[in-house]
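Visitor: Please take me closely through one part of this model. Then set that part among its surroundings.

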Amino acid sequence: MLRRQFIGMAFALVAGLGLAAPQAQAAERFIIVQSTTSTANSGLLDAILPAFTDKTGIEVRVVAVGTGQAIKNATNGDGDVLLVHAKSAEEKFVAEGWGVERFNVMYNDFVVVGPAADPAGIKGSADVVAAMKKIAAAGAPFASRGDDSGTHKAELKLWKEAGVDVAAASGGWYRETGSGMGATLNAGVGMGAYVLTDRATWISFGNKGDFGVAVEGDQRLFNQYGVILVNPQKHPNVKAGDGQAFIDWLTGPEGQKAIAGFTIEGQQLFFPNAARKPAVQG
Amino acid sequence: MRDAGAIAPSAIHAARGILPLSAEGLVLRMAGQTLIDIARLTIDEGGPTMVMGPNGAGKSILLRLLHGLIEPDAGRILWAGQPARAGIRLRQAMVFQRPVLLRRSVAANIDYALKVNGVPRVRRPAAVARALALGGLEPQARQPARTLSGGEQQRLALVRALAVEPEILFLDEPTASLDPAATAAIERLIADAAARGTKIVMVTHDPGQARRLGAEVVFMHRGRIAEHTDADAFFRQPGSREARAFLAGELVL
Amino acid sequence: MQDFTEPFSLALRLILAGDAELLGIVLLSLRVSLSAVLIAALIGMPLGAVLAVGRFPGRAALVVTVNALMGLPPVVVGLVIYLLLSNAGPLGVLQLLYTPTAMIIAQVVLVTPIIAALSRQVIEDLNGEYAEQLRSLGVSRVASVPTLLWDGRYSLMTAFLAGFGRAIAEVGAVIIVGGNINHVTRVMTTTIALETSKGNLALALALGIILVAIAIAVNAAVGLMRGSERQVAHA
């Protein structure tokens with residue numbers, strides 16, 4: 001009898017928690033969006049998604065990972081919609097049949113942030129390629145995502161344009177954290193290294209130390225986001241209707257207006273451009 | 001499992017008892033040493049059998065071999081002329097020098113022994129009450145068994161063993177670490193059990209105790225049976241040199 | 001120099017504010033980890049007991065394996081469970097990925113070896129004391145397992161708590177199979193990871209303090225249960 005009481009107590013505890021748990025399974029109608037840390041961590045999605053859910057009754061569950069992992073997860077069918085920023089990888093995703101069609105959504109821009117001491121002397125530069133050459137020449141520490149994310153891909157493209165072989169400097173002044181944007185910023189601030197980051201993550205980042213924006217405004221720093229419905233012919237479980245509804249809303253007037261209206265500290269971080277082709281190519 | 005008729009010891013004895021218990025060509029070796037080497041030993045119904053002998057003579061090992069806790073290297077144990085069959089252990093019980101009590105109440109310890117012995121649930125409360133009364137442990141029935149005093153613990157171990165109404169009860173120096181009063185209580189319980197027809201086989205160091213309780217004595221020396229005689233005869237005139245020396249208080253090696 | 005007083009006062013303010021969001025996260029953490037540990041205990045304790053009393057070929061190898069699995073990296077477990085539950089994986093049809101159930105599964109895998117290994121040690125010690133008496137009572141090795149588990153229940157609580165400690169503090173596995181989805185699979189540890197990545201170090205640390213406080217509360221609750229149970233059940 002005591003044994004039953006004993007086990008019963010334990011089960012009652014868990015059952016009670018189960019009842020008290022949040023509305024985890026409450027919403028029956030939902031889609032999963034595989035997206036990137038820049039959209040989720042900046043607060044953009046938290047800000048704009050409720051309007052969509054209110055209108056359609058569709059809950060949007062966001063898995064925020066690096067672009068590389070987001071695309072991989074979507075390839076596995078673990079999501080209904082892909083919202084990332086690595087155009088060539090996105091086009092490959094569609095070309096291979098994993099996605100239905102790619103739509104432009106918005107763009108933001110990258111900035112190079114660095115310590116106040118500015119060891120490479122690049123502060124105020126508007127030429128990112130020249131600045132990166134200076135960083136390499138000075139051997140000033142640079143923290144890279146090193147995680148195959150959209151930001152990492154953009155950064156590698158810039159090094160290539162600057163003619164710098166970062167593989168040779170890996171472990172020296174060039175340090176690959178292999179982690180997300182926030183973790184890389186934390187590491188960069190910790191070791192006084194320059195970091196290429198999207199502006200949205202940077203503005204909302206809470207651990208800036210004495211870091212500030214060193215390079216901005218270069219056309220090559222623009223960063224295009226695309227949205228793709230995962231192909232229901234490849235993965236029958238994909239909620240094509242609800243997923244497409246989300247894409248239509250995001251690229252339509254309401255979604256575009258919501259994106260434009262999202263600001264942090266008075267700054268607009270994302271610029272909707274669904275109606276037209278990306279303004280600039282990096 | 002026992003059948004209903006097997007509950008009362010007298011009934012068993014009358015019907016198809018498991019005694020006599022006999023050992024034939026029993027050998028146990030360990031690390032190159034022969035610990036037990038017994039050509040023949042028969043323990044029959046009757047008064048308590050006392051197993052005596054100096055330290056290291058193999059008394060405790062013999063008890064475990066007979067009870068079936070240890071497998072011999074050679075030889076066999078026979079119960080009423082037959083090799084041990086399944087369930088034979090349920091008709092025996094053993095009390096160890098240091099009582100092993102479950103981490104439960106006094107009453108639950110007895111109930112457990114009855115349960116694993118196959119006594120039906122409906123009969124157990126009465127049997128537990130009888131055992132508690134026998135051991136004078138009623139006030140402590142709900143107390144954690146391991147908080148009892150040393151004497152009470154051994155009393156519980158003994159009435160727990162008796163609760164299943166074994167035909168034969170092995171005891172391995174049950175009073176070795178008890179004071180005289182506790183020892184007397186244990187001896188009284190053993191004597192009563194013997195009087196009710198339970199065969200007692202008991203290892204003891206204490207010649208006084210053997211004299212008080214024993215009907216016959218098995219005297220061991222270096223793994224062999226040196227002497228197996230009537231208790232009166234043993235204490236009056238031991239047959240073996242080792243037993244004479246032991247009783248005289250000499251150091252027997 | 002970092003200011004360590006801010007996280008503490010922030011933690012206190014968060015608790016006092018009784019924020020519904022935070023409460024939801026805390027309850028989900030407890031639900032996932034306690035469920036996982038209970039399931040792991042139902043598997044691990046009998047397994048540990050069988051390893052303790054059993055005499056079968058391969059036992060020694062199994063003991064070494066279970067001991068080694070205590071060090072399973074959570075990320076690896078998360079990855080394996082992800083690959084199994086993914087829509088491209090063999091169990092994709094169950095549609096469990098990015099649900100609390102997936103997180104429970106991952107934690108069960110992580111915690112079961114810990115509970116099994118610690119239980120084996122506990123039961124082996126107890127069996128050393130009980131074995132001869134139980135054989136004498138006619139209880140076979142296999143049949144003695146429930147008795148040993150029951151009589152070892154207070155020592156086994158430590159195994160349970162060790163498992164709980166591992167589960168509640170683990171982030172690598174749940175963030176992969178849960179996806180850290182807000183209001184669905186976001187637990188304490190993934191929230192801490194998220195706030196750290198946002199550079200909100202004080203908030204992350206404050207949440208960490210709350211997590212430790214929860215762990216202490218659970219340990220204390222089990223301690224109390226143990227104490228009152230001991231009085232009633234007679235240790």
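Guide: What follows starts with one sheet and then works outward.

The model is predicted, with local features held to pLDDT of at least 70 and side-chain atom pairs to pLDDT 80 or more, while totals for chains, interfaces and linings use all residues. Residues are numbered from 1 along each chain as its sequence is written, and chains are lettered from A, ligands numbered from 1, in the order in which they are written.

Chain B holds the sheet. It is an open sheet of six strands, with mixed pairing. The order is β6-β7-β8-β3-β9-β10 (chain B). Helices (H or I, at least four residues) and strands (E, at least two) are DSSP runs, numbered from the N terminus. Strands pair if DSSP finds at least two bridges between them. The edges are β6 (92-95) and β10 (224-230) of chain B, each of which pairs on one side only. From one strand to the next, the twist averages 15°.

Start at the β6 edge. β6(B) runs parallel to β7 (residues 168-172) of chain B, and four bridges join them. Within that pair, Val95(B) has Leu171(B) in β7(B) as its bridge partner. Two helices pack on the sheet. Helix α2 (residues 59-67) of chain B touches β3 (49-52), β6, β7, β8 (199-203) and β9 (216-221) of chain B. A contact means that two C-beta atoms, placed from the backbone, lie within 7 Å. The direction of α2(B) makes about 155° with that of β7(B). Axes here are lines fitted to C-alpha atoms, for helices over the stretch in contact, and angles run from 0 to 180 degrees between N-to-C directions. Helix α5 (residues 150-163) of chain B touches β6 and β7 of chain B, and its direction makes about 175° with that of β6(B).

Chain B also has a hairpin. β1 (residues 21-30) and β2 (residues 33-43) of chain B are antiparallel, paired over nine bridges. Ala23(B) finds its bridge partner in Leu41(B) of β2(B). Two residues lie between the strands of this hairpin, and Ala31(B) takes a positive phi near 50°.

Now the whole of chain B. It has nine helices and 10 strands. Its C-alpha trace spans about 55 × 40 × 35 Å along the principal axes. A compact globule of 253 residues would have a radius of gyration near 18 Å, and chain B agrees, with 18 Å. That radius is taken over C-alpha atoms, and the globule rule is 2.2 Å times the number of residues to the power 0.38. Of the 253 residues in chain B, 43% are buried. Buried means 20 or more other C-beta atoms within 10 Å of a residue's own, exposed 12 or fewer, and partly exposed in between, with C-beta atoms placed from the backbone. Among the contacts in chain B with a separation of 6 or more, 68% join residues 24 or more positions apart.

Chain C touches chain B. The contact takes 19 residues from chain B and 12 residues from chain C. Helix α5 (residues 100-136) of chain C gives six residues, the largest share of the chain C side. By class, that side has four nonpolar, four polar and four charged residues. Ala, Val, Leu, Ile, Met, Phe, Trp, Tyr, Cys and Pro count as nonpolar, Asp, Glu, Lys and Arg as charged, and the others, Gly among them, as polar. Elsewhere in chain C, Gly18(C) sits in the loop between α1 (5-17) and α2 (20-53). Gly18(C) is exposed, with 8 other C-beta atoms within 10 Å. Its C-alpha atom lies 41 Å from that of Asn67(C), 49 residues away along the chain.

Chain A has 12 helices and 12 strands. There, 48% of the 282 residues count as buried. Look at β9 (residues 222-230) of chain A: eight of its nine residues are buried, so the strand is largely enclosed by the rest of the structure. β3 (residues 81-84) of chain A pairs antiparallel with β9(A) over four bridges, and Leu83(A) has Val227(A) as its partner in β9(A). β4 (residues 99-114) of chain A also runs antiparallel to β9(A), through eight bridges. Tyr107(A) is bridged to Gln224(A) in β9(A).

Last, a helix pair in chain A. The axes of α6 (residues 128-138) and α7 (residues 150-162) of chain A come within 9 Å and cross at roughly 80°. α6(A) and α7(A) are therefore roughly perpendicular, a label for angles of 65 to 115 degrees, with under 35 roughly parallel, over 145 roughly antiparallel and the rest oblique. Val128(A), Val129(A), Met132(A) and Lys133(A) of α6(A) meet Leu158(A), Trp159(A), Glu161(A) and Ala162(A) of α7(A). This contact has six nonpolar, no polar and two charged residues.
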